[in-house]
Amino acid sequence: MVHIERTPLKKILRAVVYRNTKKLPLSEIVEREKPDLAMTGVFYSPAKWAPVCPVKADGTVLFADQQDSYWALGWDVGADVLPILVPPGGESDCRNYVANCLLVRAGRPQQKLYYNDDVGGRRGRVAVGLTKDTWITYGASDGSSGAMTPEDLRDYMVGQGCQFAVMMDGGGKVNLYVRSANVLIQGKDPSQNLILLYLDDGETEETPVSEKKAVVLDPGHDASNLANKSPDGTYYEHEFALDMGNRLKAILERHGVAVTMTRTGGEAVSLAQRCKIANNIRGLDLFVSLHSNAAAGSGWSSASGWSAYVFGETSGGYAAAQRILEAVKAAGIAVRSSPIVEDPSLYVLKGTVAPAVLIEHGFHTNQEDVEKLRNSSYRQRLAEAEARGILDYLGIAYAEEDTPAAEPTEAEKAVEWITSEGIMLGNSAGDLMLDQPLTGKRFAVMLYRYHKKFHPT
């Protein structure tokens with residue numbers, strides 16, 4: 001028997017990780033628990049009657065791998081289910097998660113599937129996949145027309161439009177129940193753990209899906225990280241990244257893009273929090289992390305130029321990086337000889353579900369790059385070029401502003417000059433404190449910097 005069930009996420013009232021401590025067959029479980037859907041969970045050890053892949057039930061971690069990270073279905077209630085990355089040790093904000101063999105991530109099939117030899121071959125399978133608004137459950141018993149290899153199942157779930165999919169236990173442990181379709185596929189072996197779904201059967205008002213494209217901008221680091229700066233102390237990466245985020249945000253929002261910033265000031269935001277912000281936005285189109293680069297050593301270096309990092313060439317972020325690179329080159333921005341770099345070890349690239357790009361705007365260990373990166377006009381040039389590339393990736397035509405930018409005031413010109421020359425740097429959070437009284441100490445520091453720069457002898 002073969003069955004595929006599509007469940008609108010908004011219909012899910014509750015999703016439960018069920019621990020089958022009494023080794024009950026599926027028919028008894030559904031009679032006792034009365035779910036609308038029930039499906040096999042993660043692989044388990046029959047001898048120990050315990051899971052062997054990460055799983056968490058209502059706040060209790062039932063199994064956690066101590067060495068490797070796993071992609072998982074994670075949720076608190078059910079309708080809020082999202083792909084999450086469970087780190088070694090199983091720490092997670094979600095009250096529930098189920099991890100097993102990852103098939104699909106960010107809409108792309110995984111090139112290599114990780115499973116033991118004893119679960120390979122063509123056999124009955126259970127899989128769960130997510131689209132933007134649907135929970136997809138696949139079940140096929142051993143010997144049926146739906147029996148597949150893990151690789152066949154991966155390709156099938158991609159064909160069903162899954163943005164994320166995980167293969168559950170299979171073979172004689174295929175257990176699937178769908179109340180509305182009167183489906184009961186009961187394996188010869190009970191499942192040690194299952195997922196039970198409870199649905200809202202009442203009439204719900206249809207709400208239109210927003211047509212807005214959604215982008216997360218991630219200004220790298222924060223004001224607590226003062227190590228990432230130029231050797232002469234005139235440039236701080238956290239200030240530049242936030243400024244670039246604000247400039248990009250303004251341009252993208254002008255084109256109707258919904259923009260979320262992972263930080264809006266100098267506040268500390270962990271890498272895990274940044275990924276969670278992005279992964280909590282259902283249907284997110286793109287994640288862009290903003291940085292400047294650094295060469296090894298503590299002094300100035302010859303390394304320079306713009307570059308972008310992606311998880312891999314087959315990841316969704318690679319296509320976005322190519323569009324952004326084309327726009328940056330067209331704007332006359334100097335790029336590195338290998339401007340797009342694959343690095344699956346970078347936390348925000350491997351930890352976000354949506355296509356992700358990390359941009360290094362130049363080297364803050366290169367004197368020429370620093371002179372540019374401190375300059376407001378150059379920052380705006382960068383922002384406009386990258387926004388063009390992002391919009392091109394999103395399928396949105398770039399529109400020039402209706403009115404030309406106003407001529408900077410004398411005060412604005414003065415502020416740009418005094419900051420670009422490194423005479424005024426602001427506090428540790430990058431705030432110039434222009435509206436606050438000028439203390440004698442601050443004035444003396446600025447005067448000293450002016451003298452040192454223009455009268456070095």
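A salt bridge is a side-chain nitrogen of Lys or Arg within 4 Å of a carboxyl oxygen of Asp or Glu. Keep that in mind for the close-ups below, which all come from a predicted model.

**View 1. Lys 34 and Glu 31 make a salt bridge.** Here the nitrogen-to-oxygen distance is 3.8 Å, so the pair falls within the 4 Å limit. How exposed are the two partners, Lys 34 and Glu 31? Lys 34 is partly exposed, with 48% relative accessibility. Glu 31 has a relative accessible area of 54%, and it counts as exposed because the cut-off for that word is over 50%. If you go hunting for others like this pair, the structure holds 16 salt bridges.

**View 2. Arg 179 and Asp 36 join up from distant parts of the chain.** Their side chains meet in a salt bridge, with N and O 3.5 Å apart. Where do Arg 179 and Asp 36 sit along the chain? Arg 179 is in the loop between strand E16 (175-178) and strand E17 (183-186). Asp 36 belongs to the loop between helix H1 (26-33) and strand E3 (37-40). That puts the two partners 143 residues apart. Now check how covered they are: Arg 179 is partly exposed at 39% relative accessible area. Asp 36, on the other hand, has 11% relative accessibility, and it counts as buried because buried means under 20%.

**View 3. A helix residue, Asp 152, pairs with a loop residue, Arg 122.** The closest N and O atoms of this salt bridge are 3.0 Å apart. Asp 152 comes from helix H2 (residues 150-159), while Arg 122 sits in the loop between strand E12 (108-109) and strand E13 (125-130). Along the chain, the partners are 30 residues apart. Asp 152 is partly exposed, at 29% relative accessibility. Arg 122 is exposed, with a relative accessible area of 58%.

**View 4. Four residues share a network of salt bridges.** Which residues are linked here? They are Glu 239, Asp 243, Arg 247 and Arg 379. Try picking out each of the four side chains in the structure above.

**View 5. The largest pocket holds about 1200 Å³ of space.** A total of 44 residues line this pocket. To find the middle, look for Ser 69, Leu 102, Gln 110, Lys 112 and Tyr 114, the lining residues that lie nearest the centre. Which strand gives the most to the lining? The answer is E11, with three residues. Strand E8 (70-75), strand E11 (101-105), E12, helix H5 (316-330) and helix H6 (347-350) each supply at least two lining residues. As for chemistry, the lining is made up of 22 nonpolar, eleven polar and eleven charged residues.

**View 6. The largest cavity has a volume of about 60 Å³.** How do you spot a space like this? Rolling a probe the size of a water molecule over the atoms shows where empty space is left. Searching the whole structure turns up one cavity of 30 Å³ or more. Its lining consists of Gly 305, Trp 306, Ile 333, Ala 334, His 361, Gly 362, Asp 369, Lys 372, Leu 373 and Tyr 378. Strand E24 (356-363) and helix H7 (367-373) each bring at least two of the lining residues, and H7 has the largest share, with three. Sorted by class, the lining has five nonpolar, three polar and two charged residues.

**View 7. Trp 417, Tyr 450 and Phe 454 make a nonpolar patch on the surface.** Together, these three residues have about 290 Å² of accessible area. You'll find Trp 417 in helix H9 (residues 410-420). Trp 417 is partly exposed, with 39% relative accessible area.

**View 8. Arg 95 sits in a loop.** The loop lies between strand E9 (82-86) and strand E10 (96-99). Is Arg 95 buried, exposed or something in between? At 38% relative accessibility, Arg 95 is partly exposed. Compare its place with that of Ala 50: they are 45 residues apart in sequence, and their C-alpha atoms are 19 Å apart in space.

**View 9. Zooming out, the protein chain has ten helices and 24 strands.** Along the principal axes, its C-alpha atoms fill a box of roughly 90 × 45 × 45 Å. The chain has 457 residues, and 49% of them count as buried.

Conventions:
Residues are numbered from 1 along each chain as its sequence is written. This is a predicted model: local features need pLDDT of at least 70, side-chain atom pairs count only at pLDDT 80 or more; totals for chains, interfaces and linings use all residues. Side-chain values use heavy atoms; hydrogens and water are left out. Buried means under 20% relative accessible area, exposed over 50%, partly exposed in between (1.4 Å probe, protein chains only). Helices (H or I, at least four residues) and strands (E, at least two) are DSSP runs, numbered from the N terminus. On a 1 Å grid over the protein atoms alone, a cavity is a set of points where a 1.4 Å probe fits but cannot get out, and a pocket is an open set with protein on both sides within 12 Å along at least five of seven lines; lining residues have an atom within 4 Å of a point. Grid points are joined across faces, edges and corners, and a volume is the space filled by probe spheres set on the points. Ala, Val, Leu, Ile, Met, Phe, Trp, Tyr, Cys and Pro count as nonpolar, Asp, Glu, Lys and Arg as charged, and the others, Gly among them, as polar. Patches are made of residues with over 30% relative accessible area and no salt bridge: like charges are joined within 9 Å, nonpolar side chains (Val, Leu, Ile, Met, Phe, Trp, Tyr) within 5 Å. Accessible areas come from the Shrake-Rupley method with a 1.4 Å probe; for residues, only the protein chains shown count as cover.
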